[in-house]
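Reader: I am new to this structure. Could we go through it in short questions and answers?

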Amino acid sequence: MNAETGGEKWKFTQPSSPVVSSPTVADGTVYVGAGEDEDVDSTLYAVDGATGSQEWSFTGPSDVLFSSPTVVDGTVYVGSHDETLYAVDAVTGDQQWAFTEPSGNVFSSPTVADGTVYVG
């Protein structure tokens with residue numbers, strides 16, 4: 001949306017299921033996860049903030065993404081209901097690592113401080 005007028009600048013309609021997480025913007029790119037229990041998309045999308053065109057999608061999670069992404073130093077961190085916290089390269093969308101301890105759905109948004117990722 002245009003911040004001054006409230007008018008629509010572009011629309012991204014790629015997710016096949018509702019977007020539940022809040023988007024995060026870093027370096028002109030919008031990052032958002034999708035998914036709803038009835039219609040699982042379970043994809044993290046990177047969208048150009050100026051044009052609305054998709055830059056990449058990460059389809060590694062096997063369940064919904066209610067967690068809002070966090071971007072720090074070129075890495076996107078997002079949690080999934082597949083009981084995993086993912087680290088994804090912000091430029092390429094490639095998975096850097098996955099953390100599965102302890103088991104449980106990840107609802108909360110990750111926070112990064114002093115090189116450590118925290119998530120509930």
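Reader: Which residues line the largest pocket?

Author: Keep in mind that this model is predicted. The pocket holds about 220 Å³ of space. Its lining is Trp10, Phe12, Pro15, Val19, Pro23, Val25, Val30, Val32 and Val47.

Reader: How does the lining of the largest pocket divide into nonpolar, polar and charged residues?

Author: Tryptophan, phenylalanine, proline and valine count as nonpolar. The lining is made up of Trp10, Phe12, Pro15, Val19, Pro23, Val25, Val30, Val32 and Val47. The division is therefore nine nonpolar, no polar and no charged.

Reader: What is the make-up by class of the lining of the second largest pocket?

Author: About 150 Å³ of space lies in this pocket. Among its lining residues are Glu83, Glu101, Gly104, Asn105 and Gly120. Glutamate counts as charged, and glycine as polar. The classes come to seven nonpolar, three polar and two charged residues.

Reader: Is valine 20 buried, exposed or partly exposed?

Author: Valine 20 sits in the segment before strand 1 (24-26). Its relative accessible area is 40%. Buried needs under 20%, and exposed needs over 50%. Valine 20 is therefore partly exposed.

Reader: What distance separates the C-alpha atoms of valine 20 and glycine 74?

Author: Along the chain, valine 20 and glycine 74 are 54 residues apart. In space, their C-alpha atoms are separated by 23 Å.

Reader: Which strands each supply at least two residues of the largest nonpolar core?

Author: This core has 12 residues, including Leu44, Ala46, Trp56, Phe58, Val76, Val78, Tyr86 and Val88. At least two come from each of strand 3 (44-48), strand 4 (54-58), strand 6 (75-80) and strand 7 (84-89). Apart from this core lies another, of five residues, among them Val30, Ala34, Tyr45 and Val47. The strands asked for are strand 3, strand 4, strand 6 and strand 7.

Reader: Which residues is phenylalanine 58 in contact with, leaving aside neighbours within four places in sequence?

Author: Phenylalanine 58 belongs to the largest nonpolar core. With those neighbours left aside, its contacts are Ser42, Thr43, Leu44, Tyr86, Val88, Gly93 and Gln95.

Reader: Is threonine 29 buried or exposed?

Author: Threonine 29 lies in strand 2 (residues 29-33). Its relative accessible area is 7%. That falls under the 20% cut-off, so threonine 29 is buried.

Reader: Which side chain does threonine 29 join in a polar contact of 3.1 Å?

Author: Beyond its neighbours within four places in sequence, threonine 29 is in contact with Thr24, Ala46, Val47, Gly49 and Glu55. The polar contact of 3.1 Å links its side chain to that of glutamate 55.

Note on methods. Residues are numbered from 1 along each chain as its sequence is written. This is a predicted model: local features need pLDDT of at least 70, side-chain atom pairs count only at pLDDT 80 or more; totals for chains, interfaces and linings use all residues. Side-chain values use heavy atoms; hydrogens and water are left out. Helices (H or I, at least four residues) and strands (E, at least two) are DSSP runs, numbered from the N terminus. Buried means under 20% relative accessible area, exposed over 50%, partly exposed in between (1.4 Å probe, protein chains only). A nonpolar core is a set of buried Ala, Val, Leu, Ile, Met, Phe, Trp, Tyr and Cys residues joined through side-chain atoms within 4.5 Å. Contact means heavy atoms within 4.5 Å. A polar contact is a pair of N or O atoms within 3.5 Å; within protein, one must be able to donate a hydrogen and the other to accept it, and residues adjacent in sequence count only if both atoms are side-chain atoms. On a 1 Å grid over the protein atoms alone, a cavity is a set of points where a 1.4 Å probe fits but cannot get out, and a pocket is an open set with protein on both sides within 12 Å along at least five of seven lines; lining residues have an atom within 4 Å of a point. Grid points are joined across faces, edges and corners, and a volume is the space filled by probe spheres set on the points.
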